[in-house]
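Visitor: Could you take me through the largest pocket in this one? I'd like to know what lines the largest pocket and where in the chain the lining comes from.

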Amino acid sequence: MFRNSIVVSLVAATSLAFAHHGWSSFDESKPIYLEGVVKEVKWQNPHAEVKLEVNGASAPAALPRFAVPKQSAAVDAVTVLGTAKPPVRKDKVWEIEFAPIARMDAWKVVAPKAGDKIAVVGYTFKDEKGEAILRVEFLIGNGKVTPLRSSPM
């Protein structure tokens with residue numbers, strides 16, 4: 001019985017590890033811009049998630065000129081925001097992976113609700129292969145950009 005419990009625990013831990021995507025899983029050379037309507041929210045660790053029904057819009061031309069607060073990680077916000085483009089793939093719904101809840105709280109990000117409109121810039125997998133998942137680098141809304149790679153300075 002004890003041995004079976006260990007096996008079950010290891011399988012569960014392995015499943016959770018595969019469900020969580022670290023930064024290294026994503027292609028940071030091609031920032032993607034998505035905007036749309038929130039369909040579902042999971043505001044829990046290891047990171048907050050949103051199902052976003054996207055509308056295919058391009059990033060606003062002024063996006064690279066938005067003021068971006070300082071964060072502890074060195075991220076070239078002007079370049080990332082200035083080169084963000086809609087994805088080539090045409091999925092209508094994307095899974096959006098935000099930062100861990102503690103970091104979202106540090107940035108004072110309020111959990112969106114179903115029906116809210118949001119925009120994000122982030123990364124998906126190399127060559128846009130695999131699932132329609134975007135790891136958020138910047139959250140855009142209410143006339144501001146919130147960086148989520150690291151904590152505020």
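Guide: Here's a look at the pocket, with a little about the chain around it. Keep in mind that this is a predicted model, where local features need pLDDT of at least 70, side-chain atom pairs count only at pLDDT 80 or more, and totals for chains, interfaces and linings use all residues. Residues are numbered from 1 along each chain as its sequence is written, and side-chain values use heavy atoms, with hydrogens and water left out.

The chain has 3 helices and 6 strands (DSSP runs numbered from the N terminus: H or I of at least four residues for helices, E of at least two for strands). Along the sequence they run α-β-β-α-β-α-β-β-β.

Now the pocket: its volume is about 390 Å³, meaning the space filled by probe spheres set on grid points joined across faces, edges and corners. A pocket here is an open set of points on a 1 Å grid over the protein atoms alone, where a 1.4 Å probe fits, with protein on both sides within 12 Å along at least five of seven lines; lining residues have an atom within 4 Å of a point.

That lining takes in 18 residues, with Val110, Ile118, Leu139, Gly141 and Asn142 nearest the centre. Two or more residues each come from β4 (117-123), β5 (133-141) and β6 (144-147), and β5 gives the largest share, 3 residues. By type, the lining splits into 10 nonpolar, 3 polar and 5 charged (nonpolar being Ala, Val, Leu, Ile, Met, Phe, Trp, Tyr, Cys and Pro; charged Asp, Glu, Lys and Arg; polar the others, Gly among them).
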